[in-house]
Structure formats: C-alpha cells, structure tokens
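Here's a quick briefing to read alongside the coordinates. Have the sequence open too, and let's get straight into it.

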Amino acid sequence: MISVLLADGHDVVRVGVRTVLQPEPDIEVVGEARTAAEARPLIATLRPDVLILDSYLPDSSGVALCREALAMKSDIRCLILATDGDDEVMSQAIMAGAAGYVLKQIEASSLVSGVRLVASGHTLFDPEAAAKVVHNVEERRRMHEVVAELTPQQRRILVLLAEGISNRQIAERLVLAEKTVKNHITGLLAKLGVSHRTQAALMASQLLEDGVVPRPAPPGDDARQAKGPNGGLVPPQPRSQAPSRTPGRSR
C-alpha cells in the first residue's frame, strides 16, 4: 500500500487529487494539508511514502517543504504539482531532491501511474525540460569551478562586465591601464570558454545571483587615483603654486 499525503492551498485541487487516488486499491491518502505549517506535523507522524505538494503553498514553496520532508524522512518521495512549466522552479526541485514535477493539467490516469512510479523509486520529469535543467545545473556548476580558479583581479573585472561598462570605465574603476584591462578580459574569456564579453556578462549576472562572486562596491572619488610611472598607486599631489614675487623698488 502506497501512503500519500496531499499539501495544496486550493481545496478544489486537494479534492480532485484525492478523488482520483482513493479508488486505487494500492494507494491510500492518509492526510491533507493546506499549508506547510499544517503539513510538517503530518509528515512527522504519518510518515507517508509519497508527498504530493503544490509548487507554491500559502506560507512556503513546495521546494522548501520538499527539503524539510526529506530531512524528516529521507526515503519520502516528493511529487510537485505546478501550474506551469517553470524551468527555474523545476531546477530547484531537482536540486532539492524531488522525485517528480508535473503540471496540474495532468490526466487522472497519468497522475495515478506517476504516484506508483515515484513510489517505486523512479523519477517523473518531462524529459526535454529535465534535460535542459540538468544542462543548466551542470553549466552553473562548471562556472562556479571556473570562477574559483580566477585571480582576484579577474573576478573584479568579471562582475564589472555585468554592469555593461566599457574597458575604459573598468580601467578607471580599478585604476588600471586600459590595455591591462583588455589583456585581463582576453584571459578571462579564455578561462570561461566564451568568445564575447556579452556572454561573460551574462555568466557574471548568474554568478552574482548565485552569490558566488560579491557585488562590486559603488565607486568612490577617493579611489580614482593617479598611476605612478611604475604602475602603482600614488596619492594625489597638492597643486604647486608659483612663488609670489615681491615687486622690486623701481629705479
């Protein structure tokens, strides 16, 4: 017997899912919850085999509740019901350990077979969407590994690329020669495996969102200092004044 717990903020959805599953001889709906707060104690006490939950609960996300459920019962199988095929939410669901992600428009017979499928240890994701998500996850992981190998200066330049500013502006911001910035960017693109700074800027935006690289501090006027002949920083020198001339006595 497969025990199922439903967690969805919409009464109509819960009634519909229960109506579909109840007639099945090998499936038992052991409980229902409207919110994550209601679901947590039920998960802990009822210990269901499958947790069917909405991707967006009134007080939490389905992905967050999935993580919590797996922490309480490591072998629970979470099947997320979503209103649309959001790649980002599906990606989060995969990373959280969900066993399946299906749309609420799913046919009744497909939902029943889906519950049996995830309960038996398989996963239930749309193949094309899942492949795209997995690719994105792997690509993001690769980016994180590449960023770890960048020099501090290259990291700073990378996040500035996300602002869409020119080499000259980056040079002014970091107090570097424009040619030095250009050389850094060439090496940066090679390490990232891209051919254009726009691609690097998009990657930088994603890395900023992931918190892998810190956001740059706003530039201050005191940081814009002149460069000495050896390439180092030198503090601004006071402006020299011409010596005052004492008018001589006319002869």
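The disulfide count for this predicted model comes to 0. There is a cysteine pair worth a look all the same: the sulfur of Cys66 has its closest cysteine sulfur in Cys78, at 3.3 Å. After that come two helix pairs and a loop arginine.

**Cysteines**
- A disulfide is a covalent bond between the sulfur atoms of two cysteines.
- Why don't Cys66 and Cys78 count as bonded? Their sulfurs are 3.3 Å apart, which is too far for a bond, because the cut-off is within 2.5 Å.
- Looking from the other side gives the matching picture: for Cys78, the closest cysteine sulfur is in Cys66, at 3.3 Å.
- Cys66 is buried, at 0% relative accessibility, and Cys78 is buried too, with a relative accessible area of 0%.

**H2 against H3**
- Helix H2 (36-46) packs on helix H3 (residues 62-72) at an angle of about 20°, and the axes are 10 Å apart.
- That makes the two helices, H2 and H3, roughly parallel to each other, since angles under 35 degrees count that way.
- The crossing of H2 past H3 is right-handed.
- On the H2 side, the contact uses Ala36, Ala39, Arg40, Ile43 and Ala44, while H3 brings Leu65, Glu68, Ala69 and Met72.
- Sorted by class, the contact of H2 with H3 has 7 nonpolar and 2 charged residues, with no polar ones.

**H8 against H9**
- Helix H8 (residues 167-174) and helix H9 (residues 178-192) pack with their axes 8 Å apart, at an angle of about 110°.
- H8 and H9 are therefore roughly perpendicular to each other, as the range for that label is 65 to 115 degrees.
- From H8, the residues in the contact are Asn167, Arg168, Ile170 and Ala171, and they meet Glu178, Val181, Lys182 and Ile185 in H9.
- The class split for the contact of H8 with H9 is 4 nonpolar, 1 polar and 3 charged.

**Arg34**
- Where does Arg34 sit? You'll find Arg34 in the loop between strand S2 (27-33) and helix H2 (36-46).
- Arg34 has a relative accessible area of 37% and is partly exposed, because that value falls between the 20% limit for buried and the 50% limit for exposed.
- Setting aside neighbours within four places in sequence, Arg34 is in contact with Asp8, Gly9, Asp11, Arg14, Leu57 and Pro58.
- One of those partners, Asp11, is 23 residues from Arg34 along the chain, with 7.7 Å between the two C-alpha atoms.

Technical notes: Residues are numbered from 1 along each chain as its sequence is written. This is a predicted model: local features need pLDDT of at least 70, side-chain atom pairs count only at pLDDT 80 or more; totals for chains, interfaces and linings use all residues. Side-chain values use heavy atoms; hydrogens and water are left out. Helices (H or I, at least four residues) and strands (E, at least two) are DSSP runs, numbered from the N terminus. Buried means under 20% relative accessible area, exposed over 50%, partly exposed in between (1.4 Å probe, protein chains only). Contact means heavy atoms within 4.5 Å. Axes are lines fitted to C-alpha atoms, for helices over the stretch in contact, and angles run from 0 to 180 degrees between N-to-C directions. Angles under 35 degrees count as roughly parallel, over 145 as roughly antiparallel, 65 to 115 as roughly perpendicular and the rest as oblique. Ala, Val, Leu, Ile, Met, Phe, Trp, Tyr, Cys and Pro count as nonpolar, Asp, Glu, Lys and Arg as charged, and the others, Gly among them, as polar. A crossing is left-handed if the near helix is turned anticlockwise from the far one by less than a right angle, and right-handed if clockwise.
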